[in-house]
Amino acid sequence: MSILQSQDPEIHLATLHEELRQIHGLELIASENYVSPAVLDAMSSVFTNKYSEGYPGKRYYGGQEFVDVVETLAIERAKSLFGAKYANVQPLSGSPANLAVYFALLNPGDTVLGLALDHGGHLSHGHPVNASGILYKFTQYTVDKTTGRIDMNQVREIARREKPKLILAGFSAYSRGLDWKEFKSIADEVGAYTMADIAHIAGLVAGKAIESPVGIFDVVTTTTHKTLRGPRGALILTNSEELSKKFDRAIFPGMQGGPHIPQIAAKAVAFGEALRPSFQDYAKNVILNAQRLSSKLQEKGFTVISGGTDNHLLVVDMTSKGLSGKESERLFDEVGISSSRSTIPYDPRKPLDPSGVRLGSAAVTTRGFGLEQMDFIADILDRAVASRSDEAKLASLKAEVSALATGYPLFKMA
């Protein structure tokens with residue numbers, strides 16, 4: 001019997017059930033992944049007992065010699081991984097990292113240009129209910145109604161008209177590549193800072209499967225989970241010494257107090273894993289698997305926004321199959337496949353029950369899936385839709401999913 005089981009059986013049972021869910025199910029949520037046992041081990045270390053306000057060599061508490069070793073390793077590995085001159089590894093998650101950048105570069109009320117949430121952007125990119133949209137004046141570009149892709153001519157037109165102080169390129173549900181150099185050209189024309197939020201594609205950038213904005217943009221933010229396959233947390237990168245000082249002050253003391261050292265230790269482990277040559281194979285396979293899933297779903301009559309993907313995710317308009325996004329998410333859960341409902345561009349439905357679902361290949365690729373298994377997933381999703389009113393058939397499909405999933409151990413690294 002474990003210590004947790006004896007001391008808190010309710011939490012132990014919930015943890016056990018979640019582990020079983022992950023073992024027997026398939027994870028297609030584009031913002032999720034599986035970490036290695038080493039990353040898990042680092043997150044449960046004795047560093048959770050330590051309070052460490054400040055930065056390496058400049059702490060406000062004693063007893064920091066080993067904390068400094070860990071944070072310095074995380075910083076140096078992050079810089080090496082992304083080819084950056086500066087890295088702040090303390091942000092607790094992606095939204096605080098983004099807010100810290102705004103805090104460092106902007107004054108309240110300043111104008112920022114970013115991608116609209118319902119076109120693939122993120123809450124922290126200026127949505128009115130988010131602190132970013134409350135504190136700053138965000139104006140948004142959208143995707144083309146016909147192609148489902150960002151129209152850089154529109155971005156330039158809006159930038160010329162609105163004169164933003166910051167132009168943001170990044171997304172949470174956009175399946176195509178971003179033209180970093182064109183964004184930079186537009187920003188230079190109007191005198192704006194450039195910020196890339198690569199939270200979703202950081203692992204693909206680190207794995208050299210997608211061009212990096214580091215060295216092109218003024219600042220890059222990212223989460224450390226998703227395709228990067230680390231713990232939940234975030235990272236700020238820049239090559240500017242002047243801006244790096246602003247970002248350090250914005251994180252501490254501007255936005256946060258003591259950093260979460262176990263998470264930073266786990267980040268360091270994940271960065272070390274991503275520096276291995278095998279990680280580049282993983283990043284390449286993530287994209288190949290997403291593209292295979294996209295093409296197979298389209299062969300089966302599903303409508304994929306923009307007609308495909310250049311990264312790890314795809315957004316599917318489920319009204320093409322007579323379902324809403326919320327209904328589809330619940331249906332796929334019934335057969336053991338996790339997905340997330342998603343708005344589609346120009347969605348006529350409400351955000352809590354939108355028209356689409358977002359699917360991602362990062363987690364199943366970590367598990368060892370290849371093209372053949374992506375074909376299986378497309379087939380299961382298609383059969384689930386066709387059998388949505390037949391509980392017996394759905395139960396049979398769930399058994400098929402479990403049989404496949406258990407053949408690929410949860411902690412197998414690609």
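Let us begin with one pair of residues: V112 has L166, in strand 7, as its bridge partner. The model on the screen is a predicted one, and I shall use this pair as the way into it.

V112 leads us to strand 5, which covers residues 111-115 and is joined to strand 7 by 2 bridges. The two strands run parallel. Strand 7 also has a partner in strand 8, residues 193-197, and here 5 bridges make the connection, again with the strands running parallel. Within that pairing, A169 stands opposite A196 of strand 8. How does the chain cross from strand 7 to strand 8? The path goes through helix 8, residues 180-190, and this β-α-β crossover is right-handed.

Please stay with strand 7 for a moment. Is this strand mostly covered or mostly open? Strand 7 spans residues 166-170, and 5 of its 5 residues are buried. In a regular strand, side chains alternate between the two faces of the sheet. In strand 7, L166, L168 and G170 point one way, while I167 and A169 point the other way. The residues on both sides are buried.

From strand 5 we may move to the loop that lies between that strand and helix 6, residues 131-135, where H119 is found. Is H119 buried or exposed? Its relative accessibility is 6%, and therefore H119 counts as buried, the cut-off being under 20%. Which residues is H119 in contact with, once neighbours within four places in sequence are set aside? They are T142, V143, A173, Y174, P345 and Y346.

The last of these, Y346, deserves a closer look. Y346 sits in the loop between strand 14 and strand 15. With a relative accessible area of 38%, Y346 is partly exposed. Its phi is near 60°, a positive value in a residue other than glycine. For a first-year student, the background is this: most residues other than glycine have a negative phi, and most peptide bonds are trans.

S306 also has a positive phi, near 70°, and is likewise a residue other than glycine. S306 is placed in the loop between strand 11 and strand 12. With a relative accessible area of 17%, S306 is buried.

As for the peptide bond, please turn to F252 and P253. The bond from F252 to P253 is cis, with omega near 10°. P253 is found in helix 10, which covers residues 241-255.

The loops of S306 and Y346 bring us to another sheet. In this open sheet, 4 strands follow the order 11-12-15-14, and their pairing is antiparallel. Which strands are at the edges? They are strand 11, residues 303-304, and strand 14, residues 340-342, each of which pairs on one side only. Strand 12, residues 313-317, and strand 15, residues 356-360, pair in the antiparallel sense over 5 bridges. One of the residues involved is L313, whose bridge partner in strand 15 is G360.

Finally, let us consider the surface. L13, L16 and L20 make a nonpolar surface patch of about 230 Å². L16 is found in helix 2, residues 9-24. Why does L16 count as partly exposed? The reason is its relative accessibility of 36%, because partly exposed residues fall between the 20% limit for buried and the 50% limit for exposed.

To close, I would return to strand 7, where 5 of 5 residues are buried, and set beside it the nonpolar surface patch made by L13, L16 and L20.

Methods: Residues numbered from 1 in each chain as written. Predicted model: local features only at pLDDT ≥ 70, side-chain atom pairs only at ≥ 80, totals over all residues. Heavy atoms only, no water. Buried < 20%, exposed > 50% of the residue type's maximum accessible area, 1.4 Å probe, protein only. Pairing = 2+ DSSP bridges. Right-handed = clockwise from strand over helix to strand, strands pointing away. Patch = residues over 30% accessible without salt bridge, like charges linked within 9 Å, V, L, I, M, F, W, Y side chains within 5 Å. Areas by Shrake-Rupley, 256 points an atom, 1.4 Å probe, with all protein chains shown as cover. Salt bridge = Lys/Arg side-chain N within 4 Å of Asp/Glu carboxyl O. Contact = heavy atoms within 4.5 Å.
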